[in-house]
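Me: I would like to go through this structure slowly, asking at each step what justifies the words that are used for it. Could you set each value against its cut-off before you conclude anything?

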Amino acid sequence: MIPQPTTSRPVEPAPDATRVRSRHRQRTGPASTLAASGSQRAQWADAAKGVCIVLVVLWHVVVKDYLQIDWHVGVPVPGLWGTLGEQFLPLRMPLFFTISGVFAANAAQRPWRVVARSRIAGFLYLYAVWLLIHTAVLAAAPELPTDRATSALGLLEQLTVTPSNLWYLYALALYFTIAKATRRVPRALVLVPAAALSAVAAAGLLDTPGNRAGLYQNLVFFLAGRYLRSQLERWAATASRRRLVLTSGGYVLALAAMAVTGAQQWFGVWPAVSVLAVIFGITAAARLSRRSALSEPLARLGRITLPIYVIHMPVLALLHRLLLVPVSGLDRSAQGLIVLAYPILLTGLVIGLSLAVHRGLLGVRAGWLFALPGPRRVEAAG
């Protein structure tokens with residue numbers, strides 16, 4: 001057992017770590033990962049978020065670009081990539097929201113005026129701004145299979161009741177409101193209804209157009225991260241190799257059982273599998289954090305998830321428009337050379353370009369695209 005440093009306790013501010021001051025100057029490097037109190041952020045939590053954002057981009061690359069290409073390679077590699085991506089669905093967003101809840105634990109205790117501006121209004125502002133940008137850019141790539149507003153009424157719907165691909169931001173604003181409003185309510189009276197909502201939505205018993213399903217299903221994980229923060233910290237601090245083997249095995253067996261029985265929409269099954277996935281994800285991230293060569297790059301990525309999240313879809317849309325016809329037109333041998341690595345290479349390219357766009361926007365003083373403008377610093381937490 002490797003002892004955990006006493007400075008590894010997660011602190012509340014900004015797991016997305018896009019910190020923009022009123023002058024739109026961004027701090028990077030180790031110093032920007034420290035909270036106002038001086039406590040260091042938990043490496044495992046940032047690494048987990050780094051993995052999650054990579055999985056988000058990879059899934060979008062596979063579904064919205066890779067599987068739309070006319071592959072004629074004679075082997076089922078594209079289908080295998082699609083199947084692999086599906087195995088991470090119970091892990092990706094539930095773990096993302098659980099870590100977001102861990103970092104949000106202190107914020108929910110602050111006065112309403114602080115939470116309303118820095119969290120609720122901040123995330124709604126980011127959602128609205130980037131929804132308009134996405135709508136404009138995606139109009140130039142109509143062949144990309146993704147949710148988009150094609151009318152003023154559709155845009156209004158995405159702004160209000162049926163969130164777009166940017167639903168993570170919309171969800172955080174809603175979840176912070178719920179967390180703040182219920183801060184004095186016994187946790188069981190909050191977690192149990194949230195778990196029931198997740199189970200009902202996953203079972204298809206609610207109307208869930210657009211991305212409402214994710215909105216309904218992940219509230220319980222955000223709240224669990226908030227309420228069970230200390231337990232999750234202890235779990236991460238004591239993660240062992242044996243526990244990693246057991247949790248990964250349990251997750252794989254649950255996925256296999258769900259696939260064999262077709263139980264994805266059985267009441268309570270999907271949330272239960274997601275719980276196993278989150279337990280595995282935290283264990284794996286904690287173990288990974290002990291290998292700095294792997295964890296440090298992922299943790300750095302985990303501190304800048306906001307720009308990747310909001311920029312990657314427009315970047316992918318434009319790349320899809322450029323690549324779809326040329327790649328589909330390659331001969332069998334040429335496609336055979338790229339079919340296996342294509343999703344990995346394109347995911348890396350999309351993330352790299354997203355970060356480059358982010359740096360460019362900050363360079364031209366467009367930091368207002370990443371934080372609610374105002375005299376005080378607004379941290380993009382999540």
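Me: Where do E233 and R229 lie, and how many residues apart are they?

Reply: In this predicted model, E233 and R229 are both part of helix α9, which covers residues 229–237, and they stand four residues apart, about one turn of the helix.

Me: What makes the meeting of the side chains of E233 and R229 a salt bridge?

Reply: The rule asks for a side-chain nitrogen of Lys or Arg within 4 Å of a carboxyl oxygen of Asp or Glu. The N to O distance between E233 and R229 is 3.0 Å, which is within 4 Å, so the pair counts as a salt bridge. Both of these residues are buried.

Me: How many salt bridges does this rule give?

Reply: The count comes to two. Besides the pair in α9, the side chains of D46 and R303 meet in a salt bridge, with 3.1 Å from N to O. D46 belongs to helix α1 (residues 43–64), whereas R303 sits in the loop between α12 (292–302) and α13, so this pair ties together parts that are 257 residues apart in sequence.

Me: Why are D46 and R303 called buried?

Reply: Buried means a relative accessible area under 20%. D46 has 0% and is therefore buried, and R303, with 12%, is also under the cut-off and so counts as buried.

Me: How do you know whether R365 is buried or exposed?

Reply: Exposed means over 50% relative accessible area, and R365 has 60%, so it counts as exposed. R365 is placed in the loop between α15 (342–363) and β2 (378–379), and it has a positive phi of about 60° although it is not a glycine.

Me: Why is α4 called roughly parallel to α13?

Reply: Angles under 35 degrees count as roughly parallel. The axes of α4 (residues 112–138) and α13 cross at roughly 10° and come within 9 Å, and that angle makes α4 roughly parallel to α13. The residues of this contact divide into 11 nonpolar, one polar and no charged; among them are L126, W130 and H134 of α4, and L306, V310 and I311 of α13.

Me: What makes α6 and α13 oblique to each other?

Reply: The axes of α6 (residues 167–181) and α13 (residues 305–328) come within 10 Å and cross at roughly 130°. This angle is neither under 35 nor over 145 degrees, and it is outside the range from 65 to 115, so the two helices are oblique. On the α6 side the contact is made by W167, Y168 and L169, and on the α13 side by L306, Y309 and V310. By class, these are six nonpolar residues, with no polar and no charged ones.

Me: Why is the pairing of T283 with W235 called a polar contact?

Reply: A polar contact needs a pair of N or O atoms within 3.5 Å, one able to donate a hydrogen and the other to accept it. The side chains of T283 and W235 are joined at 2.7 Å, and so the distance falls within that limit. T283 lies in helix α11 (residues 269–288), and at 0% relative accessibility it counts as buried. Leaving aside neighbours within four places in sequence, T283 is in contact with residues including W235, A239 and S240.

Technical notes: Residues are numbered from 1 along each chain as its sequence is written. This is a predicted model: local features need pLDDT of at least 70, side-chain atom pairs count only at pLDDT 80 or more; totals for chains, interfaces and linings use all residues. Side-chain values use heavy atoms; hydrogens and water are left out. Axes are lines fitted to C-alpha atoms, for helices over the stretch in contact, and angles run from 0 to 180 degrees between N-to-C directions. Contact means heavy atoms within 4.5 Å. Ala, Val, Leu, Ile, Met, Phe, Trp, Tyr, Cys and Pro count as nonpolar, Asp, Glu, Lys and Arg as charged, and the others, Gly among them, as polar. Buried means under 20% relative accessible area, exposed over 50%, partly exposed in between (1.4 Å probe, protein chains only).
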